[in-house]
Each structure stands twice: as C-alpha cells, then as structure tokens.
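Colleague: I have some questions about the labels used for this model. Can you take me through the reasoning behind them?

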Amino acid sequence: MSENLIEVKNLKQYFPVRAGFKTLQLKAVDDVSFTVGKGETLGLVGESGCGKTTVGRSILHLYEPTAGQVFFEGEEITKKNIAEMRKKMQIVFQDPYSSLNPRMTVEDIIGEPLDVHKLYSNKKERRERILDLMETVGLNAEHATRYAHEFSGGQRQRIGIARALAVNPKFIVCDEPVSALDVSIQAQVINMFEELQEKLGVAYLFIAHDLLVVRHISKRIAVMYLGKIVEIADADELSDHPEHPYTQSLLSAVPIPDPKIARERQRIVLEGDVPSPLHMPTGCPFRTRCKYATEQCAKECPTLKDKGNNHLVACWNR
Amino acid sequence: MNEENEVLLSVRDLHTSFKTDAGTVQAVNGVSYDLKRGEILGIVGESGSGKSVSAYSIMQILADNGNISGGQVLYKGEDITKWNEHKMRDFRGKCCSIIFQDPMTSLNPVFTIGNQISEAIRLHTDKKGKEIKERAIEMLELVGINEPERRFKQYPFELSGGMRQRVMIAMALACEPDILIADEPTTALDVTIQAQILEEIQKLQKKMGMSVILVTHDLGVIADMCDNIIVMYGGRICERGTADEIFYNPKHEYTKGLLRSIPNISNMKKKLVPIAGTPINMLNLPAGCAFCTRCDAALKVCLTEQPEELWINENHKAACWMNIKEALDEGKGEA
C-alpha cells in the first residue's frame with residue numbers, strides 16, 4: 001500500500017467511571033496504533049468490551065480521544081475539522097434499533113447526510129439519490145415513506161448502510177454491519193461492500209464478530225483484547241498461523257458451517273472471564289487467561305513486534 | 001416406547017397467520033415435524049421464513065393479531081393448541097421454555113435479575129422463600145456466571161450481552177423443562193461468548209436430557225450443534241435431514257444457494273454467490289414454490305404448483321421440483 005488513508009497513533013480512550021468517592025479510569029482503548037491503506041479493508045475482531053467499537057468511534061470523534069492522534073490522508077483529525085471530515089468518513093452502526101430516528105421516514109434518514117452536507121441541487125435529485133441508495137442496499141422504493149419501526153432488524157441495518165453511503169465517503173467504519181442481516185442477504189451486502197470498494201476505492205474498518213466474514217472481506221485483520229491490539233497480520237496469515245494465544249482460541253471458537261470440520265475440531269476454551277477493564281491485570285492483559293503466562297508477562301506489557309511479512313504480535317512468548 | 005426414540009413434541013400441519021392492515025399473512029404454512037427426546041433440532045431460515053413463528057406457535061406466545069389457524073401441536077400425545085390459557089401457563093416454563101434473540105429486550109429492565117429468575121421458580125415449583133433464592137443462585141452458577149450472589153441483585157443493564165443471555169438460559173432452565181426453544185440465542189453475541197453459550201446449551205442439554213429446538217440463521221451454529229436440520233423458506237419446510245445430508249448433499253435450490261452464499265474455509269478468496277432478489281413478501285406468496293421468484297433453476301411448474309416433500313433417502317426429505325425432474329429424466333434414460 002503506497003499511502004495510508006487512516007493512521008492511528010497511540011490512540012487512548014479513557015472513560016471516567018464513578019466508584020463511590022473515587023473516579024476510576026476505564027481504559028476502553030489503551031495505546032492502539034494501526035493504519036488503513038487507501039481502498040483497503042482492515043478487519044477488527046475481539047470480544048465484547050475489548051474496545052473495538054470504541055476505536056471506530058474515536059476515529060470519527062464520536063468520542064473525544066483522551067490521547068493519541070488520528071490522521072486522515074496525513075491531516076490530523078481535530079475537533080475543529082471533524083464536521084468537514086465526516087463527509088469523507090462515515091460509520092455504519094452496530095445496533096439497527098437505536099441508530100435510526102423513530103420519528104423520521106426512511107427517505108429522511110437516508111437524506112439527512114445529503115441535507116447536512118448539501119449534496120443536491122433540487123428535490124428531484126435528492127429523491128433520485130435516495131431511491132438509488134435504497135436499491136443498492138436491497139430496499140424496495142415503496143418503503144421510502146415508512147418509518148424505521150416498520151422494518152425488521154435486517155432491513156433497518158440496510159437503511160443505516162444506505163445513510164453511510166449517501167455522502168460517497170472514502171472511509172467507512174463498519175461496526176458489525178452484517179451481523180443483523182439474513183445469510184442470503186449477507187452475501188449480497190458483503191459483495192456490495194466489495195463492489196463499492198472496487199468502484200469508489202472506499203476503505204473500511206470492518207468490525208465484526210463473524211470471523212469468517214471478516215476473513216473473507218479483509219485484507220488484513222487486527223485482533224483486540226482489553227483495549228489493546230494483540231496481533232495484526234494479513235487475513236490468511238492470521239487465520240492459518242495465529243501466533244498470539246488469544247487469537248488461537250478466538251479462531252478455534254468460530255463456528256464453521258461444515259459438520260465434519262465442526263465435529264473434528266478441538267476448541268481451545270479459555271479459562272475464566274475477561275478481567276474488568278477497571279481493574280486491568282498488570283503487564284499483559286491476557287496473562288490471567290493464558291496458559292503460557294510467565295513472570296515476565298505479569299511485569300511488563302508486550303508491544304507489537306514484527307515476526308516477518310508484516311505479522312505483528314504482542315506476546316513475550318512468541 | 002423406546003425411551004431414546006420417544007417423540008416428545010409433534011407438530012402436525014401447523015398453520016399460523018397474522019391479521020394485518022394489509023391483509024392476512026400466512027407466516028407458517030403447513031409445517032410438520034417431530035422432536036425426539038434428547039434431540040437437538042435446528043430450524044434454519046431467513047427472517048420471514050416462519051422459523052421463529054413456528055416456535056412461538058408451540059408456546060402460543062404469538063402477538064395479538066396472530067393465531068394458529070390450523071394443525072396440531074402434540075406434546076406427549078396431547079394437542080396443546082386446544083388447551084386453555086391456564087393450562088398453557090403451566091406448560092410454559094415447566095414443560096417448554098424459550099430463550100429469545102435479544103437478551104436486552106427480553107429481560108425486564110426495572111427488576112433485578114434475581115427477581116426475574118425467582119419469579120419463574122415461584123410460579124412453577126413448590127419452592128418457598130429461601131429455597132427459591134438458593135435455586136436461582138444455583139442456576140446462575142450453572143450457566144457460568146461468576147459471583148452469582150452479587151449478580152442476583154443487579155439489574156439487566158449492569159450485565160454484558162453474554163451475561164444477559166446466560167441469565168435468560170438460567171431462567172429458562174430453572175424449572176427443568178423437557179423442551180428448550182432457543183430462538184437465535186447467540187445472534188447478538190460475539191464469537192467467543194457464542195462458543196461459550198452454545199457449549200453451555202450443549203452441556204446442559206446432555207445433563208438434563210432435554211430436547212432443544214435451535215432456531216437460527218447461522219449455518220455455522222447449526223453445523224456445530226444439531227443432529228437434524230429443517231430448512232424453512234416462506235413459511236414452509238423446503239428441506240430436512242441429518243446435518244451431513246443437508247450440508248453435503250443439499251437437494252433444494254434454496255439450501256444450495258444458502259451454502260454458496262456464506263463464506264467458508266473452502267471459498268475464502270472467491271466471490272460469494274448471493275441468492276438473487278430480496279426476501280419473500282409474505283403478503284404475496286407465489287402460487288407455487290415460495291422460492292421460485294429467486295430460484296435460477298425454476299421450471300414452469302414451480303410457479304404454479306407447490307412441490308411435495310419427497311424422500312431423497314431415509315435421512316433426507318426435500319420439496320423441490322428439480323428432484324422430481326431429475327427422477328423423471330433418469331427414468332427416461334433407463335427406459
């Protein structure tokens with residue numbers, strides 16, 4: 001990749017949490033750095049609460065980052081220019097139920113970004129664009145005047161995708177965009193994402209829990225655990241040769257739609273629970289559940305190290 | 001009757017319809033199947049295929065505008081569609097429980113989870129006072145919730161999605177039902193939690209010897225969990241069989257399309273082949289096969305006549321005209 005579209009440097013996102021008289025820092029994202037190339041898809045996977053959604057939102061300044069920088073085409077994203085930046089960066093939210101205004105018709109939801117950024121010259125153009133977007137995401141044109149509550153979860157998510165696509169962005173944060181869709185539609189949407197990428201060169205940060213989907217759509221995959229990226233590599237490299245013990249167990253948990261493989265496979269079931277991000281373990285965040293953990297893991301947190309061919313792992317034992 | 005092959009629940013030609021302003025929606029259209037004791041039966045299909053409604057019909061927890069318009073649901077030989085509400089209340093929870101897709105909306109936000117689990121136990125067992133709490137905490141522990149005593153006093157919003165789903169399972173299993181209906185139990189969860197929950201359901205299923213109807217759209221989950229699979233489309237069963245038959249020898253065009261459209265280890269770098277068109281409009285079902293409008297192989301007869309379910313082999317049935325055509329073609333070849 002010649003140039004980076006998005007560059008995230010030492011991003012930290014802490015949230016203050018009141019605990020009695022004290023205020024604790026919840027380290028949702030703790031010192032995360034990565035890049036997304038132009039027209040590239042970076043998959044981001046991890047368990048609930050690992051901060052993958054927060055990373056996506058911090059990039060768009062939906063939260064004000066605690067520390068660290070985010071660059072879009074070399075230009076730092078700040079409070080001042082974010083409104084303008086959102087013409088180039090959009091997000092598809094995870095929850096199709098709360099991300100659509102119940103008082104607005106589908107037409108107005110999809111049209112809102114067009115209104116905000118004034119991307120049409122007359123009403124007819126606006127309507128045509130909206131209907132075009134609706135068709136792209138597989139919604140009937142006759143649904144334009146309906147309200148969000150009249151749709152199933154899957155259809156609502158498609159409205160959200162149409163809304164993100166409305167401004168023709170260069171970068172979309174896709175926060176679990178297909179997990180709410182039907183399998184037969186999922187493939188259409190994944191193909192649609194891929195086609196849009198080919199056509200418009202849009203880059204994605206693709207956050208999802210379905211690792212098969214992530215592997216299919218992503219060029220590279222980053223794995224997060226408790227606010228930190230533990231491994232980044234090319235999609236195939238990561239899937240075939242996972243290095244970090246957490247990645248290994250994560251991959252072994254993916255349900256494979258093939259009964260024979262499913263029967264023969266050995267799951268690596270993780271001991272214990274994810275520690276509370278309010279009381280992070282010292283050193284490596286994964287050490288409490290890791291069977292290879294040593295004294296060093298408790299003392300110091302490992303940083304991402306290149307193991308060759310851009311396979312970065314943050315583990316003392318690899 | 002042999003304990004192992006005992007048919008616990010038998011759904012016979014079930015029809016469920018909903019009255020809407022736009023007309024009557026026939027959500028389930030003549031569905032029949034048997035659930036054996038200790039079996040995990042997977043029902044797979046997309047939204048609007050009637051997979052959830054067929055499960056809700058068993059529990060009779062349909063929305064106000066919905067009703068069972070035909071057919072029978074036999075539980076241990078008794079037709080429960082004839083039962084009154086009082087008897088059904090006993091059936092729900094005690095004989096048959098359900099876990100819903102969305103653990104946030106299926107828990108009451110203004111009561112503690114302890115309160116909600118206790119309610120199920122209080123209603124369906126003779127336990128009193130302290131015993132109820134003990135049982136609730138025991139159940140929370142059983143489904144893998146740490147610090148169950150503390151969780152007992154917490155509200156749903158204080159728990160993560162995976163934890164909430166565990167609470168739902170604890171609640172569903174608190175009265176040791178014969179049948180557990182799991183309606184997309186892991187759809188809202190991510191993969192390691194999904195693996196834990198599925199393992200939990202499998203473990204509890206073996207331990208308690210209950211039968212599970214697993215309703216999902218995720219073929220990976222189905223492959224992982226189920227002995228037998230039913231594929232539904234447009235309110236009808238289009239194919240049924242053992243897991244191996246469905247995955248390696250699909251005989252319905254819809255099943256074939258589904259398997260082509262999901263990313264799998266074998267087709268990672270190839271472009272997915274989606275099923276064309278949009279999900280079916282249940283208000284406007286075609287006269288013939290429900291899938292005919294999206295089917296590449298559709299014949300003339302598919303548009304006008306509903307295909308019968310045909311035996312492919314002893315473990316496999318499919319309702320697709322292509323199989324009949326193939327059989328006829330083969331017959332011609334021999335003649």
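Modeller: Let us start with a network. Salt bridges link Lys38(A), Glu73(A) and Lys170(A) into a network. Keep in mind that this is a predicted model.

Colleague: What makes the pair Glu40(A) and Lys219(A) a salt bridge?

Modeller: The closest N and O atoms of Glu40(A) and Lys219(A) are 3.8 Å apart. The cut-off is a Lys or Arg side-chain nitrogen within 4 Å of a carboxyl oxygen of Asp or Glu. So the pair of Glu40(A) and Lys219(A) counts as a salt bridge.

Colleague: Why is this said to link distant parts of the chain?

Modeller: Glu40(A) and Lys219(A) are 179 residues apart. Glu40(A) is in the loop between strand 2 (22-37) and strand 3 (41-45) of chain A. Lys219(A) is in the loop between helix 7 (211-217) and strand 9 (220-225) of chain A.

Colleague: Is Glu40(A) buried or exposed? And what about Lys219(A)?

Modeller: Glu40(A) has 3% relative accessibility. Buried means under 20%, so Glu40(A) counts as buried. Lys219(A) has a relative accessible area of 44%. Partly exposed lies between 20% and 50%, so Lys219(A) is partly exposed.

Colleague: How do you know that Arg129(A) and Asp132(A) form a salt bridge?

Modeller: The closest N and O atoms of Arg129(A) and Asp132(A) are 3.8 Å apart. The limit is 4 Å, so the pair of Arg129(A) and Asp132(A) qualifies. Both residues lie in helix 4 (residues 123-136) of chain A. They are 3 residues apart, about one turn of the helix. Arg129(A), at 24% relative accessibility, counts as partly exposed. Asp132(A), at 40%, is partly exposed as well.

Colleague: What makes Arg294(B) and Glu46(B) a salt bridge?

Modeller: Their side chains meet at 3.3 Å, N to O. That is within the 4 Å limit, so the label fits Arg294(B) and Glu46(B). This pair, too, links distant parts of its chain, 248 residues apart. Arg294(B) is in the loop between helix 10 and helix 11 (300-304) of chain B. Glu46(B) is in the loop between strand 3 (40-44) and helix 1 (51-59) of chain B. Arg294(B) and Glu46(B) are both buried.

Colleague: How many salt bridges are there over all chains?

Modeller: The count comes to 32.

Colleague: And how many lie between chain B and chain A?

Modeller: There are 2 salt bridges between chain B and chain A. One of them joins Asp244(B) to Arg263(A), with the closest N and O atoms 2.9 Å apart. Helix 7 (191-208), helix 8 (219-225), helix 9 (243-248) and helix 10 (253-261) of chain B each supply at least two residues to the side that touches chain A. Helix 7 of chain B gives the most, with 7 residues. That side of chain B divides into 21 nonpolar, 13 polar and 9 charged residues.

Colleague: What else describes the meeting of the two chains?

Modeller: On chain B, 43 residues are in contact with 41 residues of chain A. The two chains bury about 3900 Å² between them. Of that, 55% is on carbon and sulfur atoms.

Colleague: Why is Asn191(A) called buried?

Modeller: Asn191(A) has 6% relative accessibility. The cut-off is under 20%, so Asn191(A) counts as buried. Asn191(A) lies in helix 6 (residues 183-200) of chain A. Across the interface, Asn191(A) touches Lys271(B), Leu272(B) and Pro274(B).

Colleague: What makes Thr186(B) and Gln194(B) a polar contact?

Modeller: Their side chains are joined at 3.0 Å. The distance limit is 3.5 Å, so the spacing of Thr186(B) and Gln194(B) fits. Thr186(B) is found in the loop between strand 7 (179-183) and helix 7 of chain B. At 3% relative accessibility, Thr186(B) counts as buried.

Colleague: Why is chain A called as compact as a globular protein of its length?

Modeller: Chain A has 11 helices and 12 strands. Its radius of gyration is 20 Å, close to the 20 Å that the globule rule gives for 318 residues, so chain A is as compact as a globular protein of that length. Buried residues make up 54% of the 318 residues in chain A.

Technical notes
Residues numbered from 1 in each chain as written. Chains lettered and ligands numbered in written order. Predicted model: local features only at pLDDT ≥ 70, side-chain atom pairs only at ≥ 80, totals over all residues. Heavy atoms only, no water. Contact = heavy atoms within 4.5 Å. Buried area = accessible area lost by both parts, 1.4 Å probe. Helix = DSSP H or I, 4+ residues; strand = E, 2+ residues; numbered from the N terminus. Nonpolar A, V, L, I, M, F, W, Y, C, P; charged D, E, K, R; others polar. Buried < 20%, exposed > 50% of the residue type's maximum accessible area, 1.4 Å probe, protein only. Rg over C-alpha atoms; globule rule 2.2 N^0.38 Å. Polar contact = N/O pair within 3.5 Å; in protein donor to acceptor, adjacent residues only side chain to side chain. Lists of a residue's contacts leave out its neighbours within four places in sequence.
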